[in-house]
Amino acid sequence: MCADLITCLVRHYLGDNATTSAVCNQLRTTCPTLFSDEDATATRATEMLEEAHLMEPCPTRTELIDEAIRMLKVGVHKLNLPVICQLLHEVDCVEGIVELALARAERSDPRMLALIAYKSHSAETDSLTQDAFNKRKSAYKCITDALDRIQADVRTKSGIALQSAVVSRDLIINCVLRSKDELANVAVFKWLLANQLSNVVVESKSPFAESFLHTLVEGGGASSYLDLLWRFHEKNGNFAKAAKLLYSLARRDTNAFDLRRRVAYLSQASMCAKSAISQQSDQLKDQNFIVAIQDELDVAEIQLATKFVSIDIHSCCNKFRIE
């Protein structure tokens with residue numbers, strides 16, 4: 001209750017630098033356990049963002065925002081992060097959202113308990129690990145919420161506004177995918193897939209993209225995830241892995257795709273295998289593998305051609321009966 005009262009009091013005076021400073025000094029003196037130096041720094045930084053919001057774009061404004069972010073990182077674990085991220089969005093500093101969210105995630109889980117559990121695919125976690133997961137998830141949600149807001153503009157805006165939204169969206173995505181925070185990368189990968197932007201995952205240079213896709217596949221993911229994985233390998237020049245995945249896909253006993261798709265997989269597998277051989281890849285030196293692919297491709301193409309001939313004959317017979 002006291003902490004909430006202090007927050008309301010400080011926010012009431014935001015924008016009045018003299019009053020805010022006086023209130024902060026008094027609060028630090030009279031109730032240091034409820035209002036620390038970090039709280040005072042965060043208050044001043046928030047006020048700086050409010051000031052920047054009223055300014056036209058200029059170097060001074062940029063410096064003000066940068067300094068505010070630096071100050072906010074000091075006590076990032078105590079911030080009302082969604083509110084701060086909304087302010088950063090309003091001053092068009094989306095990279096600041098990523099910076100603070102990643103700092104919050106790291107501060108909330110210094111022992112990397114959430115990452116250890118994620119990598120071990122552990123379904124059961126203790127309370128400390130679950131708490132770490134929840135705190136990281138909350139931090140990453142600030143990033144995905146910002147992406148949601150921007151993506152709404154991408155879908156509805158046009159012209160310069162659309163271009164600006166795309167730039168902001170891509171800036172957030174690239175900032176996260178360049179980071180060393182694997183779980184943040186995973187959160188953005190999931191957002192990309194949910195928003196039909198799988199091509200960004202495939203083309204990503206993130207060191208965590210391959211393991212993310214493998215996790216989806218190992219978790220019983222659909223053929224679409226295997227499609228993403230072979231495309232990822234092909235895009236990154238790992239033709240041997242792509243060929244083996246494509247061959248595996250083509251041989252799956254499933255109703256998920258038809259004979260035409262099987263021919264396409266085998267054809268692509270053949271091309272990737274030949275590219276791997278030309279690269280002298282250590283992962284694919286067996287010429288018999290290419291022969292096996294080609295044999296199955298030949299059979300599949302004959303089956304497909306036969307199927308179409310049968311359809312044509314059936315169609316002609318039906319037409320003859322009608323006439």
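This note goes through salt bridges in a predicted model.

1. Overall count. Searching the whole structure gives 14 salt bridges. Three pairs are described below, together with the burial of their side chains.

2. R44 and E51. These two side chains form a salt bridge, with an N to O distance of 3.0 Å. R44 is partly exposed, because its relative accessibility is 28% and the buried class ends at 20%. E51 also falls in the partly exposed class, at 30% relative accessibility.

3. R70 and E67. The closest N and O atoms of this salt bridge are 2.5 Å apart. Both residues belong to helix α4, which covers residues 59–74. Three residues separate R70 from E67, about one turn of the helix. R70 has a relative accessible area of 47% and is therefore partly exposed, as the exposed class begins over 50%. E67 is partly exposed as well, with 30% relative accessibility.

4. R136 and D181. Here the salt bridge has its closest N and O atoms 3.4 Å apart. This pair connects distant parts of the chain, the two residues being 45 residues apart. R136 sits in helix α8 (residues 127–156), while D181 is in the loop between α9 (159–177) and α10 (182–194). Are these two residues buried or exposed? Both R136 and D181 are buried.

5. A shared network. R44, E47 and E51 are joined into one network by salt bridges that share partners. The R44 and E51 pair from point 2, with its 3.0 Å N to O distance, is thus to be read together with E47.

Conventions
Residues numbered from 1 in each chain as written. Predicted model: local features only at pLDDT ≥ 70, side-chain atom pairs only at ≥ 80, totals over all residues. Heavy atoms only, no water. Salt bridge = Lys/Arg side-chain N within 4 Å of Asp/Glu carboxyl O. Buried < 20%, exposed > 50% of the residue type's maximum accessible area, 1.4 Å probe, protein only. Helix = DSSP H or I, 4+ residues; strand = E, 2+ residues; numbered from the N terminus.
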